[in-house]
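Here are my comments on the complex you sent over. Have the viewer open while you read.

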Amino acid sequence: MSPTRLFQGGLVVIAAALAVYPVFGTGYGVRALLQLFMWIALAGSWNLISGLTGYVSFGHVAFFGIGAYTAAILITNAGWSWPLACIVAGVAACGLALLIGYPCLRLKGPYFAIAMLGLNEVLRALVSYFEGLTGGGSGLSLPTLQASVPIYYVMGVCAAAVTALTYVIITSRFGLRLMTIREDEVAAEAMGIDTARHKLYAFLLSAVGPGIVGGLAARDQGYIEPISVFPLATTITMIVMVLFGGKGTVWGPVLGAVVLFVSQEIVWARFPYVHQLLFGAIIVAVVLLMPRGVLGILQIKYRLPRTV
Amino acid sequence: MTAALEVDAVKKSFGGVTAVNGVSLRLEPGRIYGLIGPNGSGKTTLFNCVTGVERRDAGRILFQGERIDGLKPWQIAVKGVGRTFQVTRVFPELSALENLLVVTRGDRATAERRGRELLTFVKLEKLAGEYAGNLSYGQQKLVEFVRVLMRDPSLILLDEPAAGVNRTLLNDLLDAVRRLRDEGKTVLLVEHDMKVVMGLCEVVFVLDHGDKIAEGPPGVIQADERVIEAYFGR
Amino acid sequence: MNVVITPAMVGQVVISGLLSGTLYAMVALGLALIFGVMRVINIAHGPMLMLGAYATFFLYSAFGVNPYLTLPVSMAALFVIGMLLERTLVFRVVDAPELSSLLLTFGISIAVVNLAQLAFTSDLRAVEFLTGSFVVGPFAVSKSRLVAFVFAAIITAAVFVFLRNTKLGKAIRATSQSRDVAMVCGINVGRIHLITFGFAAALAAAGGTLIAVIVAIQPEMGQIWTFKSFLVIVLGGAGNYPGALVGGMLLGLIEQLASLFLTTQLSEAVAYVLLVLVLFVRPTGILGGRST
């Protein structure tokens, strides 16, 4: 059996196992896996803009936060059902990306990164300010609802969808064009590629995932406040997961999310006080020692196809 | 007959330095032109202005009668202007074939076929799947050359195509340029290798310190006093 | 929110703005040097300031020393730390894509902050040395801010004199203009990078020492300084050292003005909004500088 077939078979088995897990699994297990799906979706989405085009988005959690608040407000104040609210959350995140994408993406690398960081903080301040709508600093409580299992499935679908989207993009010429932006933007333009538009598309696509997932997370937690949904730590985690697993690859974000999330649950839950230190050390190690990430290195060494 | 390219009194300065000082050129379609001059004479800057990479400060640039100054580089490329770079700019983490594919729209299978044809033409068909960054410098130059051809441009700007390419392949390349001319395309090349220029170009423009100091067939240029002075001093 | 604006208020704003602006300028100058010379965005700049503040705090609480006398100590200590960081980690990404250095210094910054949290705890510390204000006519100036301004102005001026007149200073300026040319001129670029990074950390530490007398000290205090330093550079033009002065003043003034009209919550966000706006409108800075 060829490696591809083996891999595909393995995927089917895992998917099936995950699909039936809620029937046997513990509540804790379901919520943990739910979180893992969320991280896969987040990391994968970040990969779409930062891994493929090389424009490192440092405030990507802004889309997560916007999604969370949009959904929370719709559910709490307008009584919407959470599935609908989350879809709108995704649209809202997309809208934000459209609004800031055009001016932001004109900026060169580090400026873009910092602008996104600034944007994140601006949103957090705005959310605090419009207290009437958002509950300000004291947060927003959603009506209680026990929905872990349905959310588990929806999150799982999101994770799968983002990964599938990455696969489709990377194997298409659209994806190749995105990569040329990373490789040599000037040459890409000289070859007739409208880099501004392509960057914007990638940016929009990378915002939808976090938006929807933010809404789902808000519903699942039942309570959100500015710090919980716009934290820098979320952006850092997204970045580390993708860097570790392999940015620009299909399965890199998944690998990174799984490895880091599992480690986090097992090891770091015991050492909460050095969490950031370890993360910082990992970022440093990855940037210096394996900037391409695990799959990136393997891809080059063993000449694996791009679809890895 | 509409000129393939018309550069009309184009000026470009960087800070206090005037790189291009009111240069005018006219290229008729279906001919091979050369652009020569000592280092720093403004040749690459002129290329950059034509292809939209730099914005000219003054003057107009017309491609097939249409103004292209002020357009974005990709828009100019789409209109039918292709260029290569002085230092090769292939996409290193794309394969040679992908470098060619990424430039095209439309049916992928046709594009792939054409890509492989072009790679075969420059004898690189075996390296189609190799990362472009792993190729030798000369091989990268060839990939860049055929990449330009993927879009079938009518005006081709080549920035030092001969540098780093071995003699045999160079002859094939020059033959290719002649064939492009025979197909009705217009070629403008910047080159330091005088043998190439003299053997290939029908008309040569000479720049010095941002000014056009001479224009004419190679034989005339070679004997032109101002040209000799520019290159060798008095 | 009805505020009656009197000339005295405006004057107060201007004075306060200039005072804080000079401090911003000094700290931002460090960041500007690193960016100009090495093309590195040093996100760990704020944590350097934080460490300087803690150095002052510990010297003050252990020995009762005048905090301002700890300036040379904190600057020297961070100079060494900066050089260590450069020599072990940062030098490896100087040639890499700029994003590598961004991510690297990001990783360093969160690691350092966490270390500080472990070593010093997150309890707020304070150096209660100089309290109260000078009152001159309708204007009140907090004593500690005035002293900070004086030191910042002296140090900043000294840096500019150094850059302009000493051999090392000229070498630094040459390297920031063109690394390759500097190398050809016989300048040891690696050594320049090392010294510049240490220098910048020392400037941040100076900021930390001065600020330690004014605000509460805690491990996360540096983050906002990194951000504001970056804002100053963007305002004044990247790679444009005098621009850091202009940018600093501008930021100081705008912040104080904003606090007149806006709630405290929003005026905090002013710095961020300003950064985003300036980046969109004029990425090369108000004075114009080098784009990346």
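The points below go through confidence, chain A, its contact with chain B, and a sheet in chain B.

1. First, keep in mind that this is a predicted model. The overall scores are an ipTM of 0.87 and a pTM of 0.86.

2. On confidence within chain C: the mean pLDDT there is 87, and 92% of the residues score at least 70. If you colour chain C by confidence, look at helix α11 (residues 264-281) of chain C, where the mean drops to its lowest value, 72. The other extreme is helix α3 (residues 71-88) of chain C, which has the highest mean at 96.

3. Chain A is mostly a matter of helices: 14 of them, plus two strands. Its C-alpha atoms fit a box of roughly 50 × 45 × 35 Å along the principal axes. Does the radius of gyration point to what kind of packing, then? A compact globule of 308 residues would come out near 19 Å, and chain A has 19 Å, so the two agree.

4. Staying with chain A, buried residues account for 53% of its 308 residues. Among its contacts with a separation of 6 or more, 80% link residues 24 or more positions apart.

5. Now the contact between chains A and B. Chain A puts in 16 residues and chain B 21 residues. On the chain A side, helix α8 (residues 173-190) of chain A gives the largest share, with 11 residues. Sorted by class, that side of chain A has seven nonpolar, three polar and six charged residues.

6. Over in chain B, six strands form an open sheet with mixed pairing, in the order β6-β7-β8-β3-β9-β10. Which strands stand at the edges? They are β6 (81-83) and β10 (211-216) of chain B; each has a single partner strand, so one side of each is left without a neighbour in the sheet. Ignoring direction, neighbouring strands in this sheet are turned by 15° against each other on average.

7. Zoom in on one end of that sheet. Strand β9 (residues 203-208) of chain B runs antiparallel to β10(B), and five bridges join the two. Along this pair, Asp208(B) stands opposite Asp211(B) in β10(B). You may want to look at that Asp pair yourself.

8. Last, a helix on the sheet. Helix α6 (residues 167-182) of chain B lies across three strands of chain B: β3 (32-36), β7 (155-159) and β8 (186-190). Relative to β8(B), helix α6 of chain B runs at about 145°.

Conventions: Residues are numbered from 1 along each chain as its sequence is written. Chains are lettered from A and ligands numbered from 1 in the order in which they are written. This is a predicted model: local features need pLDDT of at least 70, side-chain atom pairs count only at pLDDT 80 or more; totals for chains, interfaces and linings use all residues. pLDDT is the predictor's confidence in each residue, from 0 to 100. Helices (H or I, at least four residues) and strands (E, at least two) are DSSP runs, numbered from the N terminus. Two residues are in contact if their C-beta atoms, placed from the backbone, lie within 7 Å. Ala, Val, Leu, Ile, Met, Phe, Trp, Tyr, Cys and Pro count as nonpolar, Asp, Glu, Lys and Arg as charged, and the others, Gly among them, as polar. Two strands pair if DSSP finds at least two bridges between them. Axes are lines fitted to C-alpha atoms, for helices over the stretch in contact, and angles run from 0 to 180 degrees between N-to-C directions. The radius of gyration is taken over C-alpha atoms; the globule rule is 2.2 Å times the number of residues to the power 0.38. A residue is buried if 20 or more other C-beta atoms lie within 10 Å of its own, exposed if 12 or fewer, and partly exposed in between; C-beta atoms are placed from the backbone.
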